[in-house]
Amino acid sequence: MRSDYSEQQSAFQFKGGNLTITTLELLTPDCAQIEQELSRQTQKAPAFFCQTPVLLSFEQLEEMSVALEMIVDVCKRNGLIPIAVRCSQDLIKKSAWALGLGWFPPLTEHRLKEVKKTSCPQRLPTRFVKGTVRSGQQIYASCADLVVIGSVNEGAEVIADGNVQVWGVLRGRAIAGAQGDVEARVICRKFSAELVSVAGVFQVFDTCEFPIARDLPVEVRLANDRLVLI
């Protein structure tokens, strides 16, 4: 006997949500240069460049002719998985569709200002985590600051929509201002991070790039859309 479709269990459902997606903002269409720099970054933080989804942004490029397929291949060879593009160029948009990628419209100045504001309706109480955050763990403080009373190991990730404070050694990845708060900070007792990010601007680190005074507290913040370590 055939049952009515309304009585059958649904095969799927759509759900909205806030996901932190890394944006690769391209400043050149030169595939060789892109691959060279990606290769250097991969050597610094191989754990980050492992099946990481990225949004390819072409907003800084005026060139209409971009070898999108080659850029996508370059990304995949270095562990990144392009999922969509952000651009105004119709040719790039059509290429994205042909490659099975999504498309986002470019950000207007008004939208840029909105994005740079935290989207949390109100700041929630600080989330405290006691003990070491171990490799493979991810701790997220939604609409709140995150304080780790301990260390963050390699391969671990701590994320907050507000500030991130690590009272021990930061060896893994720390992401502050995950929803766009440009006033957010990453603060730690000792700095040996694989990656830090504030409001979507991130930097991977090699040992030679660590602060000289590694045994002193370090603050990471945004200044003129660039990360600075104090």
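Visitor: Which residues are buried in helix α3 (residues 90-98)?

Guide: In this predicted model, the buried residues of helix α3 include Ile92, Lys93 and Ala96. Viewed down the axis of α3, its buried residues fall within an arc of 100°, so they line one face of the helix.

Visitor: Why would residues three or four places apart point the same way?

Guide: An α-helix has 3.6 residues a turn, so residues at that spacing point the same way.

Visitor: And which residues are exposed on the other side of α3?

Guide: Lys94, Trp97 and Ala98 are exposed there.

Visitor: What do the buried residues of α3 pack against?

Guide: They pack against helix α2 (68-77) and against two strands, β3 (80-86) and β4 (102-104).

Visitor: Where does lysine 93 lie with respect to tryptophan 103?

Guide: Lysine 93 lies over the face of the tryptophan 103 ring, at 4.1 Å from the ring centre. Lysine 93 is also one of the buried residues of α3.

Visitor: How many aromatic pairs are there in the whole structure?

Guide: A search of the whole structure finds zero.

Visitor: What follows α3?

Guide: Glycine 100 follows α3, and its phi is positive, near 80°.

Visitor: Turning to the open sheet, what is the order of its strands?

Guide: The five strands are ordered β6-β8-β10-β12-β13, with mixed pairing. Strands β6 (138-141) and β13 (201-204) are the edges, each pairing on one side only. From one strand to the next, the twist averages 5°.

Visitor: How many bridges join β12 to β13?

Guide: Four bridges join β12 (residues 195-198) to β13, and the two strands run antiparallel. Leucine 195, for instance, has valine 204 of β13 as its bridge partner.

Key
Residues numbered from 1 in each chain as written. Predicted model: local features only at pLDDT ≥ 70, side-chain atom pairs only at ≥ 80, totals over all residues. Heavy atoms only, no water. Pairing = 2+ DSSP bridges. Axes fitted to C-alpha atoms, helices over the stretch in contact; angles between N-to-C directions. Phe/Tyr/Trp six-rings, centres within 6.5 Å; stacked < 30°, edge-to-face > 60°. Lys NZ or Arg CZ within 6 Å of the ring centre and 35° of its normal. Buried < 20%, exposed > 50% of the residue type's maximum accessible area, 1.4 Å probe, protein only. Arc of directions from axis to C-beta. Contact = heavy atoms within 4.5 Å.
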